[in-house]
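Me: I'm new to reading structures like this one. Could you walk me through it, feature by feature?

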Amino acid sequence: MPARPLVPAAGPPPAGAEEARAEQARLAPLVRTDPLDPDRVGLVAGLDVTYAPGDDRLVAAAVVLDAGTLEVVESATAVARPAFPYVPGLFAFREVPPLLDAIGRLRTAPDVFVCDGFGLAHPRRFGLACHLGVLLDRPALGVGKSPFVGSAEPPGERRGSWSPLVDGGDVVGRALRTRDGVKPVYVSVGHRIDLDGATGLVLRLAPSYRLPEPIRRADRLSRDVLRGL
DNA sequence: GCGACAG
DNA sequence: ATCTTGTCGC
């Protein structure tokens, strides 16, 4: 028998918001928070999607990097049309299908998936990073550029400082300073990783810029491919 | 009821 | 997300 494929077969998209929320409720209990040592991570995949200004085309990119050297090992892209509108809280239904498409074209199996968005820092505790992580059943984390839910005190000005992101009494993530004096990023657990592990890994992946290198690479690649269409 | 709301 | 140049600061 063949091994379980890295990427599961895509089902039909939800017919509407109600159906999408039901899907989230069904999958959310599957999220696991496991300790993960950032220093034991070998390969990471950065994920991002770029949208065409005029028409409804989009490009999803997955770029695999060596977590130690931050060198690109491999990358893949997928061109698609969004199968779901943008609705805050249902973001994953828009981006997960094309991202799975791109991930399915990789020949390596990354240890951790780094998503442009949130995981548990979500109104129903099931953001993009949780959704993708659960479908793949692989470790995943989310990095957002602005807070989505909850609030956090400004972390210290030095790189590495962080403060808890709290929503409804839950710690759902961290505001993390990746560069001295620069606006923090917001880190949250996606799946099979804990908040300490996610924080440590993001710091390791962002030695010189605000955003982790895997996300920067995926962002650049998806833009470049879209420009060439 | 009103405003806010990842990308 | 996307439409967009130069400019200030390290």
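Me: To start with the overall size, what radius of gyration would a compact globule with 229 residues have, and what does chain A have?

Reply: Keep in mind that this is a predicted model. The general idea is to set the radius of gyration beside the value for a compact globule. With 229 residues that value is near 17 Å, and chain A has 16 Å, so the two agree. You can also look at the C-alpha trace, which spans about 45 × 45 × 40 Å along its principal axes.

Me: How many helices and strands does chain A have, and in what order do they run?

Reply: Chain A has 5 helices and 8 strands. Read from the N terminus, they go α-β-β-β-α-β-α-β-β-β-β-α-α.

Me: What share of the contacts in chain A joins residues 24 or more positions apart?

Reply: Take the contacts in chain A with a separation of 6 or more: 66% of them are between residues 24 or more positions apart.

Me: And what can I say about the surface of chain A?

Reply: Its accessible surface comes to about 10,500 Å², with 52% of that belonging to carbon and sulfur atoms. Of the 229 residues, 49% count as buried. For charges, you'd find 28 positive and 27 negative side chains, and the centres of those two sets lie 3 Å apart.

Me: How do I read burial for a whole helix, say α4: how many of its residues are buried?

Reply: Go along the helix and see which residues have under 20% relative accessible area. Helix α4 covers residues 195–205, and 8 of its 11 residues are buried, so the rest of the structure largely encloses it. The buried ones are L195, G197, A198, T199, L201, V202, L203 and L205.

Me: Next, annotations. Which residues does the UniProt "binding site" annotation cover?

Reply: According to the unreviewed UniProt entry, the "binding site" annotation covers D48 and D116. They're spread over 69 residues of sequence, yet they cluster in space, with a largest C-alpha distance of 6.0 Å.

Me: Where is D48, and is it buried or exposed?

Reply: D48 is in strand β1, which runs over residues 43–51. Its relative accessible area is 6%, so D48 is buried. Leaving out residues up to four places away in sequence, D48 touches V59, A60, A61, L99, D116, A218, D219 and S222.

Me: And D116, is that one buried or exposed?

Reply: D116 counts as buried, at 16% relative accessibility. You'll find D116 in strand β4, residues 112–116. Beyond its neighbours within four places in sequence, D116 is in contact with L47, D48, F91, L128, V143, K145 and I215.

Me: Let's try a helix residue. Is Q24 buried or exposed?

Reply: Q24, in helix α1, has just 2% relative accessibility and so counts as buried. With neighbours within four places set aside, its contacts are G89, L90, F93, H122, R124 and F126.

Me: What about a loop residue: how accessible is L30?

Reply: L30 sits in the loop between α1 and β1. Its relative accessible area is 48%, so L30 is partly exposed; the cut-off for exposed is over 50%. Apart from residues up to four places away in sequence, L30 touches V134 and H191.

Me: How do I compare distance in sequence with distance in space, for example for D167 and V149?

Reply: Put the two numbers side by side. D167 and V149 are 18 residues apart in sequence, and their C-alpha atoms are 6.3 Å apart. For another pair, take L30 and V64: 34 residues apart along the chain, with C-alpha atoms separated by 25 Å. D167 itself lies in strand β6, and its contacts outside four places in sequence are R125, V149, G150 and V172.

Me: Last one, backbone angles. What is phi for R125 and for R192?

Reply: Most residues other than glycine have a negative phi. R125 has a positive value, near 60°, and R192 also has a positive one, near 55°. R125 lies in the loop between β4 and α3, while R192 is in the loop between β8 and α4. R125 is partly exposed, at 21% relative accessible area, and R192 counts as partly exposed too, at 23%.

Definitions and conventions: Residues numbered from 1 in each chain as written. Chains lettered and ligands numbered in written order. Predicted model: local features only at pLDDT ≥ 70, side-chain atom pairs only at ≥ 80, totals over all residues. Heavy atoms only, no water. Helix = DSSP H or I, 4+ residues; strand = E, 2+ residues; numbered from the N terminus. Rg over C-alpha atoms; globule rule 2.2 N^0.38 Å. Buried < 20%, exposed > 50% of the residue type's maximum accessible area, 1.4 Å probe, protein only. Contact = heavy atoms within 4.5 Å. Areas by Shrake-Rupley, 256 points an atom, 1.4 Å probe, with all protein chains shown as cover. Lys, Arg positive; Asp, Glu negative; His and termini not counted. Charge placed at Lys NZ, Arg CZ, Asp CG, Glu CD. UniProt positions renumbered as here; feature names shortened; annotations may be inferred.
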